[in-house]
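Hello,

Here is the structure I promised to pass on. Please open it first, then read my notes below with the model beside you.

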Amino acid sequence: MTIERIIAGREAVITCQSDCTVSEAASLLADRRIGALPIFEGDRLIGIFSERDLIYRLREFGPSVLGMQVSEVMTAPPVTVTPSATALSALALMTQRRVRHLPVMVDDRMVAFVSIGDIVKYRLEKVESEAAAMRDYIQTA
């Protein structure tokens, strides 16, 4: 089971430019009901801004953080995977690096963005499908 199978048929990823304010990025997170944004400088991925980044920097800087550029508070450099990575290796990477989102990269271009929830959901669906197939096999035997 690869990341490529998980991202098949995905819609465009919501992103943010590095000069966006933290307030604007936080509004994107809230409006889209998402947990993180890939941050770009032009067409180059340079980091990830997540709910955790917002909370940590709010504690550090107080309300003034909302006027800062997102590039000043994001997590960088981003931890990434390729489409050929297995779901289990991506989960291990997320656990090891303590991140919940991974940009999926081909060469230097981001093609998708996956969350730990995406991978767990896909894995659960696969396990349920295998269990149903096993039940069917047992019932027909």
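**What helix H2 packs against**

The buried residues of H2 pack against four elements: strand E1 (16–17), strand E2 (36–41), E3 and helix H3 (51–61). Keep in mind that this is a predicted model.

Which residues of H2 are the buried ones? Helix H2 covers residues 22–32, and its buried residues are Val22, Ala25, Ala26 and Leu29. They span an arc of only 100° around the axis, so they sit on the same side of H2. Look just past the end of the helix, too. Arg33 comes just after H2 and has a positive phi of about 55°.

**A residue in E3**

Now find Ser50. It belongs to strand E3, residues 44–50. Is Ser50 buried or exposed? Ser50 has a relative accessible area of 14%. The cut-off for buried is under 20%, so Ser50 counts as buried. Set aside the neighbours within four places in sequence. Ser50 is then in contact with Leu29, Gly35 and Ala36. Leu29 is one of the buried residues of H2.

**The E4–E5 hairpin**

Move on to strand E4, residues 101–106. E4 and E5 run antiparallel, and 6 bridges join them. One pair to look for is Pro103 and its bridge partner in E5, Phe113. The two strands form a hairpin with 2 residues between them. Asp107 lies in that turn and has a positive phi of about 55°. Strand E5 (residues 109–115) is mostly covered, with 5 of its 7 residues buried.

**A patch on the surface**

Next comes helix H5, residues 116–140, where you will find Val120. Val120 has a relative accessible area of 38%, so it is partly exposed. Together with Ile116 and Leu124, Val120 forms a nonpolar patch on the surface. The accessible area of these three residues together is about 230 Å².

**The whole protein**

Last, step back. The protein has 5 helices and 5 strands. From the N terminus on, their order is α-β-α-β-β-α-α-β-β-α. The C-alpha trace spans about 65 × 30 × 25 Å along its principal axes. Of the 141 residues, 38% count as buried. The accessible surface comes to about 8800 Å², and 52% of it belongs to carbon and sulfur atoms. Take the contacts with a separation of 6 or more: residues 24 or more positions apart account for 54% of them.

Best wishes

Key:
Residues are numbered from 1 along each chain as its sequence is written. This is a predicted model: local features need pLDDT of at least 70, side-chain atom pairs count only at pLDDT 80 or more; totals for chains, interfaces and linings use all residues. Side-chain values use heavy atoms; hydrogens and water are left out. Buried means under 20% relative accessible area, exposed over 50%, partly exposed in between (1.4 Å probe, protein chains only). Contact means heavy atoms within 4.5 Å. Two strands pair if DSSP finds at least two bridges between them. The arc is that of the directions from the helix axis to the C-beta atoms. Patches are made of residues with over 30% relative accessible area and no salt bridge: like charges are joined within 9 Å, nonpolar side chains (Val, Leu, Ile, Met, Phe, Trp, Tyr) within 5 Å. Accessible areas come from the Shrake-Rupley method with a 1.4 Å probe; for residues, only the protein chains shown count as cover. A salt bridge is a side-chain nitrogen of Lys or Arg within 4 Å of a carboxyl oxygen of Asp or Glu.
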